[in-house]
Amino acid sequence: MPALKPTEITGEVVWIGHVPDRDASLKSSGQTEAELTFAGIPGEEHGGLTRPSCSRVVSQHPRGTEIRNVRQLSVTSTEELAEIAEEIGLDNLEPAYVGASLVVRGIPDFTHLPPSSRLQFPDGSVIVVDMENRPCNLPAKLIENDFPGAGRKFKAAAENKRGVTAWVEREGRVKVGDTVRLHVPDQRAWQP
């Protein structure tokens, strides 16, 4: 019996980004398509099969410990970016400012997709949602540089709207304009 169930919910890829050097800048540059490999998008700073652990997993691993990279992609939605923009006083928040790898349109409550959900592209390639991508100050600094006063509002405005992190389960190619179909785990919600 399948552990994942396809839904009728689809979205559209509206933006693909590439961050070549996160130390230089988190700002991503747009592209029309990208290869998806088991290590993420080639040449992209978030990619790699492993990564050093960070503050997000310090309860499990000392900072800097080599761990599996389940944060190969930063995926957000146009709807949530629009909500953030409105809260920080901008007409529009370009995905480049948040270091997005992919932006989709049309999947509701995107940031709260269940962990282990799959997003499948037309060629069969699949990315797996790891978890919510928590807001941080790196995008805030970029936004503040270009829009004084707006950046300092970013972290609070992005709470529950920052999208998800994901990793590549099946290799392929993604293009702007591609349809993406949501598959969710077939299980009841956890009840402690």
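**View 1. Gln72 reaches over to the backbone of Val168.** In this predicted model, the side chain of Gln72 comes to 2.9 Å from the backbone nitrogen of Val168. Gln72 itself sits in a loop, the one that links β5 (66-68) to β6 (73-77). Loop or not, Gln72 counts as buried, because its relative accessibility is just 1%.

**View 2. Cys54 and Cys136 have no disulfide to show.** Zero disulfides turn up anywhere in the structure. For Cys54, the nearest cysteine sulfur is that of Cys136, and it lies 9.9 Å away. A disulfide would need the two sulfur atoms within 2.5 Å, so at 9.9 Å Cys54 is in no such pair. Look from the other end and Cys136 tells a matching story: the nearest cysteine sulfur belongs to Cys54, 9.9 Å off. Is Cys54 buried or exposed? Cys54 is buried, with 14% relative accessible area. Cys136 is buried too, at 18%, which falls under the 20% cut-off.

**View 3. Stepping back, the chain has three helices and twelve strands.** Along the principal axes, the C-alpha atoms fill a box of roughly 55 × 40 × 40 Å. The radius of gyration is 16 Å, which agrees with the value near 16 Å that a compact globule of 192 residues would have. Of those 192 residues, 47% are buried.

**View 4. Contacts and surface of the chain.** Take the contacts between residues at least 6 apart in sequence: 73% of them join residues at least 24 apart. As for the outside, the accessible surface comes to about 9,900 Å², and carbon and sulfur atoms account for 51% of it.

How values were computed:
Residues are numbered from 1 along each chain as its sequence is written. This is a predicted model: local features need pLDDT of at least 70, side-chain atom pairs count only at pLDDT 80 or more; totals for chains, interfaces and linings use all residues. Side-chain values use heavy atoms; hydrogens and water are left out. Helices (H or I, at least four residues) and strands (E, at least two) are DSSP runs, numbered from the N terminus. Buried means under 20% relative accessible area, exposed over 50%, partly exposed in between (1.4 Å probe, protein chains only). A polar contact is a pair of N or O atoms within 3.5 Å; within protein, one must be able to donate a hydrogen and the other to accept it, and residues adjacent in sequence count only if both atoms are side-chain atoms. The radius of gyration is taken over C-alpha atoms; the globule rule is 2.2 Å times the number of residues to the power 0.38. Contact means heavy atoms within 4.5 Å. Accessible areas come from the Shrake-Rupley method with a 1.4 Å probe; for residues, only the protein chains shown count as cover.
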